[in-house]
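The following exercises are to be worked through with the sequence and the model at hand. Each task is followed by a solution in steps.

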Amino acid sequence: MSRRAHDPDPGQRRQVEAMAAYGIPADDIARVVGIDAKTLRKHYREELDLGSVKANAQVAGFLFNSARNGNVTAQIFWLKTRARWKETPSEHLHQAAIAHCDVRELTTDTLNRILQGVAVDWSDPGIYVHSARPRRGPPALPHRRTEER
């Protein structure tokens, strides 16, 4: 005895289209509807193909309306994805000097001066613990306090 032919009704068509729109795989949709995946593809081809397209169109419409109504995030997203805008890399200049200095080589007095915000002369060989000649340190940083000694 053979199986009865599947006859889709409008409710099943809406259900299949909605599930396809949500991104549910066809095999899972077939299990929910109670038919084989091959039968699903045969009788619901239109719903499977257009479900995700209609959902994307609806969400795109919401995004477009949101962007038109002043939602800056939606505007930026739209321009980056649809108008191929991109953020250009920019160079960020740091206000203070950036350099490498091994604090283990500095004297305790030098470290205290740095912590107090007092300017340090990096060319002075006396700021280093074991140095006969000055190492190249960072340039003088802008400080809030002036030297009090």
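**Exercise 1.** Determine in which helix Leu111 is found, whether Leu111 is buried, partly exposed or exposed, and which residues distant in sequence are in contact with Leu111.

*Solution.* Step 1: Leu111 is found in helix α6; helices are DSSP runs of H or I with at least four residues, numbered from the N terminus. The model is predicted: local features need pLDDT of at least 70, side-chain atom pairs count only at pLDDT 80 or more, and totals for chains, interfaces and linings use all residues. Residues are numbered from 1 along each chain as its sequence is written, and side-chain values use heavy atoms, with hydrogens and water left out.

Step 2: The relative accessible area of Leu111 is 30%, so this residue is partly exposed (buried is under 20%, exposed over 50%, partly exposed in between, with a 1.4 Å probe and protein chains only).

Step 3: With neighbours within four places in sequence left aside, Leu111 is in contact with Val103 and Leu106, where contact means heavy atoms within 4.5 Å.

Step 4: Leu111 and Ile127 are 16 residues apart along the chain, and 8.8 Å separates their C-alpha atoms.

**Exercise 2.** Locate Arg113, classify its accessibility and identify the backbone oxygen that lies 3.0 Å from a polar atom of its side chain.

*Solution.* Step 1: Arg113 lies in helix α6, which covers residues 108-116.

Step 2: Arg113 has a relative accessible area of 18% and is therefore buried.

Step 3: The backbone oxygen in question belongs to Ala119.

**Exercise 3.** Describe the backbone and surroundings of Arg84: what is the sign of its phi, and where is its place?

*Solution.* Step 1: Although Arg84 is not a glycine, its phi is positive, at about 60°.

Step 2: Arg84 is placed in the loop between α5 (72-81) and α6.

Step 3: Arg84 is exposed, because its relative accessible area is 76%.

**Exercise 4.** List the residues of the largest nonpolar core and the elements that give two or more residues to this core.

*Solution.* Step 1: A nonpolar core is a set of buried Ala, Val, Leu, Ile, Met, Phe, Trp, Tyr and Cys residues joined through side-chain atoms within 4.5 Å. The largest has 11 residues: Val16, Met19, Ala20, Ile29, Ala30, Val33, Ile35, Ala37, Leu40, Tyr44 and Leu48.

Step 2: Two or more of these residues come from each of α1 (10-21), α2 (26-33) and α3 (37-43).

Step 3: A second, separate core has five residues, among them Leu106, Val120, Trp122 and Tyr128.

Technical notes: A polar contact is a pair of N or O atoms within 3.5 Å; within protein, one must be able to donate a hydrogen and the other to accept it, and residues adjacent in sequence count only if both atoms are side-chain atoms.
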